[in-house]
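Trainee: Please take a close look at one part of this model with me, and then tie what you can of the rest to it. I'd like to follow it piece by piece.

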Amino acid sequence: MAQDPTSVSPYDEAMDALSSLITQKSRADQTNAGLRFELMFDYVKILDLEDSISKMKIIHVAGTKGKGSTCTFTEAILRNCGFRTGLFTSPHLIDVRERFRLDGEDISEEKFLAYFWWCWDRLKA
């Protein structure tokens, strides 16, 4: 049975919801200076992730050039040494799921949708 061409896939619905959060503010806009970082702490509390995050061993790579390559090499080395890994990079080229890798594999559409809506629903409430 063919899918209704006017229906929206669950993934497209999630992308529309995610896109609704994008603002047209520039990086130079200082009207929200400092508040975005503080908001992250609030979001972590709302999602009840404080304990889980505090148990993670995190490597944060910063700078102007080579962050993606450095992170990819580091993740591969750690994984080959037997560690379980998660990798987040930004920006993505085609699909937002490119940003998330678990143990060297791109996150599946199913996992992305489950995690996205889990966060979305709690933060919207």
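Mentor: Accessible areas here come from the Shrake-Rupley method with a 1.4 Å probe, and for residues only the protein chains shown count as cover. On that basis, the accessible surface of the protein comes to about 10,400 Å², with 58% of it belonging to carbon and sulfur atoms. Keep in mind that this is a predicted model, where local features need pLDDT of at least 70, side-chain atom pairs need 80 or more, and totals for chains, interfaces and linings use all residues. Numbering starts from 1 along each chain as its sequence is written, and side-chain values use heavy atoms, with hydrogens and water left out.

Let's get our bearings before zooming in. The protein has 5 helices and 3 strands (DSSP runs numbered from the N terminus: helices are H or I, at least four residues; strands are E, at least two). Along the sequence they follow the pattern α-α-α-α-β-β-β-α. Of the 125 residues, 17% are buried (under 20% relative accessible area; exposed is over 50%, partly exposed in between, with a 1.4 Å probe and protein chains only).

The part I'd pick is the sheet. Its 3 strands form an open sheet in the order β1-β2-β3, with antiparallel pairing (two strands pair if DSSP finds at least two bridges between them). At the edges you find β1, residues 86-88, and β3, residues 105-106, each pairing on one side only. Between β1 and β2, which covers residues 100-102, there are 3 bridges, and the two strands run antiparallel.

Now, which residue in β2 is the bridge partner of Leu-87? That's Arg-101, and Arg-101 is a good place to stay for a moment. Besides being the bridge partner of Leu-87, Arg-101 forms a salt bridge with Asp-106, and the closest N and O atoms are 2.6 Å apart (a salt bridge is a side-chain nitrogen of Lys or Arg within 4 Å of a carboxyl oxygen of Asp or Glu). How covered are the two ends? Arg-101 counts as partly exposed because its relative accessible area is 26%, and Asp-106, at 45%, is partly exposed too.

The loops of the sheet have their own quirks. Pro-91 lies in the loop between β1 and β2, and the peptide bond joining it to Ser-90 is cis, with omega about 5°. In the loop between β2 and β3 sits Asp-103. Asp-103 isn't a glycine, but it has a positive phi of about 50°. Its relative accessibility is 26%, so Asp-103 counts as partly exposed.

Moving away from the sheet, you'll meet another positive phi at Asp-48, also not a glycine, where the value is about 55°. Asp-48 belongs to the loop between α2 and α3 (50-54). It counts as exposed because its relative accessible area is 63%.

Back to charges. The structure holds 5 salt bridges, and the Arg-101 to Asp-106 contact has company worth a look. One is between the side chains of Glu-75 and Arg-79, at 2.8 Å from N to O. These two residues are 4 apart in helix α4 (residues 67-80), so about one helical turn separates them. What about their cover? Glu-75 is buried because its relative accessible area is 6%, whereas Arg-79 counts as partly exposed at 31%. Another salt bridge joins the side chains of Asp-51 and Lys-55, 3.2 Å from N to O. There, Asp-51 is partly exposed at 48%, while Lys-55 is exposed at 60%.

Let's finish with how helices meet. In α1 (residues 10-19), the buried residues include Tyr-11, Ala-14, Met-15 and Ala-17. Those four cover an arc of only 160° around the axis, so they lie on the same side of α1 (the arc is that of the directions from the helix axis to the C-beta atoms). What do the buried residues of α1 pack against? They pack against α5, residues 109-124. As for contacts more broadly (heavy atoms within 4.5 Å), take those in the protein with a separation of 6 or more: residues 24 or more positions apart account for 42% of them.
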